[in-house]
Amino acid sequence: MKQYVMIFLENVIRQTLNNSIANRFVFCGSSMKRTRASSKAKIGTEEAKDDSNKNEIETKSEDKQHHLIVQAKNLKNQKLNNVSKSKTKSVDSIKDPIDLPLKAAMNPEPQQKSKLNLKRLKNRSKEKDEELKPNVPPPKNKPRAVVDLKMMTEELKQLQDPPSTEWEKQICFNRLPFSFYDSPCEELAQNLLGKVLVRCLENGTVLKGRIVETEGYLGVIDKASHTYQKKVTPRNMPMYMPPGTIYVYMTYGMYHCFNISSQGEGCAVLIRAVEPLEGIECMASQRTSKGTSGVPKKPLKDLKTHELCNGPSKLCMAFQLHKKHSKYSMCSWKGLWIEKDNVNMDINVVKCSRIGIENYGEEWSKKPLRYYVHGNKSVSKRNKEAELTLGLS
């Protein structure tokens with residue numbers, strides 16, 4: 001029995017010893033696991049702290065850079081304002097934003113704050129409100145400014161250069177009087193056909209040509225007229241002057257056109273073509289080639305007689321008429337006049353639309369205000385349709 005009891009006690013002691021050793025190993029393993037987890041957690045918190053510190057450092061550096069850039073811009077604006085006020089440049093001016101901290105350390109003086117002017121701000125706000133008002137579209141047919149021609153006495157003065165010598169008075173003895181020009185525009189344009197245009201040059205040369213083509217411009221009501229809607233300019237002033245006043249204007253920057261004022265407000269007659277009668281050689285010498293700007297112009301050769309004055313610009317070249325001759329009177333100027341033709345001849349007048357006014361609407365582009373002598377070679381352009389309707393072709 002004692003042996004059995006001893007064996008039983010030994011077994012109990014062994015079991016307790018084994019259980020205690022196993023518990024110790026479990027406790028050590030759990031403690032090792034806890035220490036590893038705690039070390040990992042500590043490492044994570046330290047890394048998070050490092051990241052947060054890095055972010056804070058980066059944000060601080062970015063804020064500093066932004067602050068430096070803003071401060072640099074402010075200093076540059078102040079420098080520009082100072083330069084505009086005084087043209088002298090300061091020696092210690094800052095060019096780069098990197099030198100700003102050094103500049104601030106060297107000059108710690110506080111900057112003066114600009115005072116706000118409330119009155120100016122209110123006025124600016126009012127001006128902005130006025131500028132932002134809705135735009136009103138301008139009227140399509142804007143009325144032209146009406147000028148009081150009675151007050152413009154100096155501009156409407158007739159240029160005077162009458163014949164002084166006996167020879168000058170003798171050659172212009174047959175000139176037509178003022179009563180011939182003092183007639184409606186359409187009537188004057190037709191009465192001028194067949195009359196002789198005489199030009200006396202400064203050297204005494206006399207040029208003559210029979211008028212074979214004219215155009216009438218009805219003044220303030222005519223859209224193709226320079227005086228449409230009472231338009232007044234230094235150029236078209238002769239059209240408002242007494243009948244018989246010379247009006248020479250330049251078109252396309254190189255061609256001259258010769259007109260004579262008639263009865264009516266702003267009305268005039270354009271002389272389009274003339275048949276040369278006297279001084280043909282002198283007329284031909286004035287007709288030159290166009291050439292280029294660097295090459296001198298040369299006289300044209302082998303020109304036929306009817307080609308010398310068959311157009312407004314050709315007429316002005318042949319008769320040597322320029323803008324400076326505007327405002328002279330055909331009734332008194334010694335340089336140009338009109339007289340009757342000594343040759344009695346029947347004239348068939350063709351009435352047709354004017355040339356080069358297609359942009360002014362059908363009413364005026366198709367209105368028969370051009371008149372020319374049928375069958376004359378010096379006419380600038382024939383209108384066969386008008387000739388057919390009149391039975392002249």
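Modeller: Buried means under 20% relative accessible area, exposed over 50% and partly exposed in between (1.4 Å probe, protein chains only). The model is predicted: local features need pLDDT of at least 70 and side-chain atom pairs 80 or more, while totals for chains, interfaces and linings use all residues. Numbering runs from 1 along each chain as its sequence is written, and side-chain values use heavy atoms, without hydrogens and water.

Colleague: Is R354 buried or exposed, and which residue is its salt-bridge partner?

Modeller: A salt bridge here is a side-chain nitrogen of Lys or Arg within 4 Å of a carboxyl oxygen of Asp or Glu. R354 has such a contact, with its closest N and O atoms 2.7 Å apart. The pair links distant parts of the chain, 132 residues apart: the loop between β7 and α9 (362–365) on the R354 side, and the loop between β2 and β3 (246–251) on the other (helices, H or I, of at least four residues and strands, E, of at least two are DSSP runs, numbered from the N terminus). R354 is buried, and its partner, buried as well, is D222.

Colleague: Which residues are joined into one network by salt bridges that share partners?

Modeller: The structure holds twelve salt bridges. Those that share partners make one network. Its members are E213, E215, R272 and R370.

Colleague: How many residues apart in sequence are the parts that K334 and D161 tie together?

Modeller: The side chains of K334 and D161 meet in a salt bridge, 3.8 Å from N to O. K334 sits in the loop between α8 (312–319) and β6, and D161 in the loop between α3 (118–131) and α4 (166–171). K334 is partly exposed because its relative accessible area is 26%, and D161 is partly exposed, also at 26%. The bridge therefore ties together parts whose separation in sequence, in residues, is 173.

Colleague: Which strand holds K208, the partner of E278?

Modeller: The closest N and O atoms of the E278–K208 salt bridge are 4.0 Å apart. E278 lies in strand β5 (residues 268–278), 70 residues from K208 in sequence. At 37%, E278 counts as partly exposed, and K208 is partly exposed at 25%. The strand of K208, residues 206–217, is β2.

Colleague: Which of the buried aromatic residues Y328 and F180 belongs to a stacked pair?

Modeller: Rings of Phe, Tyr and Trp (its six-membered ring) pair if their centres lie within 6.5 Å; planes under 30 degrees apart are stacked, over 60 edge-to-face, the rest tilted. Three aromatic pairs turn up in the whole structure. F180 and Y181 have ring centres 5.3 Å apart and planes at 85°, so that pair is edge-to-face. With W333, at 4.6 Å centre to centre and 15° between the planes, the stacked pair is formed by Y328.

Colleague: What does I271 touch, beyond its neighbours within four places in sequence?

Modeller: I271 is among the residues that touch the most other members of the largest nonpolar core, which has 45 residues (buried Ala, Val, Leu, Ile, Met, Phe, Trp, Tyr and Cys joined through side-chain atoms within 4.5 Å). Apart from that core lies another, of nine residues, among them Y217, Y247, Y249 and L270. Contact means heavy atoms within 4.5 Å. For I271, the list is L192, I211, E213, T214, F258, I260, P312 and L315.

Colleague: What covers the buried residues of α8?

Modeller: Six of the eight residues of α8 are buried: P312, S313, L315, C316, A318 and F319. After the helix comes Q320, with a positive phi near 55°. The cover includes β1 (196–200), β2, β4 (255–261), β5 and α7 (280–286).

Colleague: Where is N348, and what is the distance between its C-alpha atom and that of G375?

Modeller: N348 is in the loop between β6 (336–339) and β7 (349–353) and counts as partly exposed because its relative accessibility is 41%. Beyond its neighbours within four places in sequence, N348 contacts Y372, V373, H374 and L392. G375 is 27 residues away along the chain, and the C-alpha separation is 8.4 Å.

Colleague: What is the area of the nonpolar surface patch that includes F8?

Modeller: F8 lies in helix α1 (residues 2–85) and counts as exposed because its relative accessibility is 55%. The other members of the patch are M6, L9, V12 and I13. The area of this patch is about 490 Å².

Definitions and conventions:
Patch = residues over 30% accessible without salt bridge, like charges linked within 9 Å, V, L, I, M, F, W, Y side chains within 5 Å. Areas by Shrake-Rupley, 256 points an atom, 1.4 Å probe, with all protein chains shown as cover.
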